[in-house]
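Take a moment to turn the model around and trace the chain from one end to the other. Then read on for a short tour.

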Amino acid sequence: MENPLEFGIVITHDDGSIERFLEKPTWGQVFSDTVNTGIYVLQPEIFDYIPDGKSVDFSESVFPALLDDGKPVFGYVAEGYWEDVGTLDAYIKAHQDVLDGNVEAEIPGFRIADGIWLGEGAEIDPGAKVEGPVVVGGELPGRDGRPPG
């Protein structure tokens with residue numbers, strides 16, 4: 001990330017082990033542009049680092065405690081598009097990026113014009129004006145998995 005200030009940043013070794021981690025740094029603390037996000041796969045021992053009856057933030061307390069105790073923590077540095085969709089604006093931006101072609105993604109249906117996809121079974125009135133980017137969804141399958149009708 002060009003601006004990693006809203007995220008936890010990490011440094012990983014070639015084997016994926018995490019050397020250093022810092023949650024939501026200031027510019028003076030930034031030591032990496034690799035952010036901590038994604039899906040966590042955890043061993044049951046992780047619960048030793050979570051106090052009973054208390055909410056914890058993994059990135060602010062659990063991960064640093066694991067590193068302080070010398071426990072193995074690994075990460076995978078993924079390449080390509082990434083967007084934190086934790087806000088409505090970011091969620092909309094991610095969809096806009098897909099429809100604008102900034103992200104390689106399979107869009108269901110047929111591309112009928114620049115930025116306009118039409119789902120199977122969907123119809124657009126010939127008099128309608130449709131401006132992309134937009135996806136007009138197709139028919140939803142019935143309960144048995146087949147199209148209704």
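The report below goes from the overall layout to the strands, the helix H1 and the core.

## The big picture

Keep in mind that this is a predicted model. The chain has 149 residues, and 23% of them are buried. It contains two helices and six strands, and if you follow the sequence you'll meet them in the order β-β-β-α-α-β-β-β.

What about the outside? The chain exposes about 11300 Å², with carbon and sulfur atoms supplying 51% of that. As for who touches whom, take the contacts between residues at least 6 apart in sequence: 30% of these join residues at least 24 apart.

## Strands side by side

Start with strand S1, residues 8-12, and strand S2, residues 18-23. They pair in the antiparallel sense, and five bridges hold the pairing together. One place to see this is Gly8, which sits opposite Glu23 in S2. The two strands make a hairpin with five residues between them. Look in that turn for Gly16, which has a positive phi of about 95°.

S1 has another partner too: strand S3, residues 35-36. That pair also runs antiparallel, joined by two bridges. Here Ile9 is the residue that stands opposite Val35 in S3.

## A helix with two sides

Now find helix H1, residues 58-68. Which of its residues are buried? They are Ser59, Val62, Phe63 and Leu66. Looking down the axis of H1, you'd see these buried residues fall within an arc of 110°, so they line one face of the helix. The general rule behind this is handy: an α-helix has 3.6 residues a turn, so residues three or four places apart point the same way.

Swing round to the other side of H1 and you'll find Glu60 and Asp68, both exposed. The cover over the buried residues of H1 includes S2 and S3. After H1 comes Gly70, whose phi is positive, near 75°.

## The nonpolar core

What makes up the largest nonpolar core? It has 10 residues: Val10, Ile18, Phe21, Ile46, Tyr49, Ile50, Val62, Phe63, Leu66 and Val73. S2 and H1 are the elements that give two or more residues to this core, and H1 gives the most, with three.

Leu66 is a nice one to click on. Leaving out residues up to four places away in sequence, Leu66 touches Ile46, Tyr49, Lys71 and Val73. Leu66 is also one of the buried residues of H1, which ties the helix back to the core.

Terms used: Residues numbered from 1 in each chain as written. Predicted model: local features only at pLDDT ≥ 70, side-chain atom pairs only at ≥ 80, totals over all residues. Heavy atoms only, no water. Pairing = 2+ DSSP bridges. Helix = DSSP H or I, 4+ residues; strand = E, 2+ residues; numbered from the N terminus. Core = buried A, V, L, I, M, F, W, Y, C linked by side-chain atoms within 4.5 Å. Buried < 20%, exposed > 50% of the residue type's maximum accessible area, 1.4 Å probe, protein only. Contact = heavy atoms within 4.5 Å. Areas by Shrake-Rupley, 256 points an atom, 1.4 Å probe, with all protein chains shown as cover. Arc of directions from axis to C-beta.
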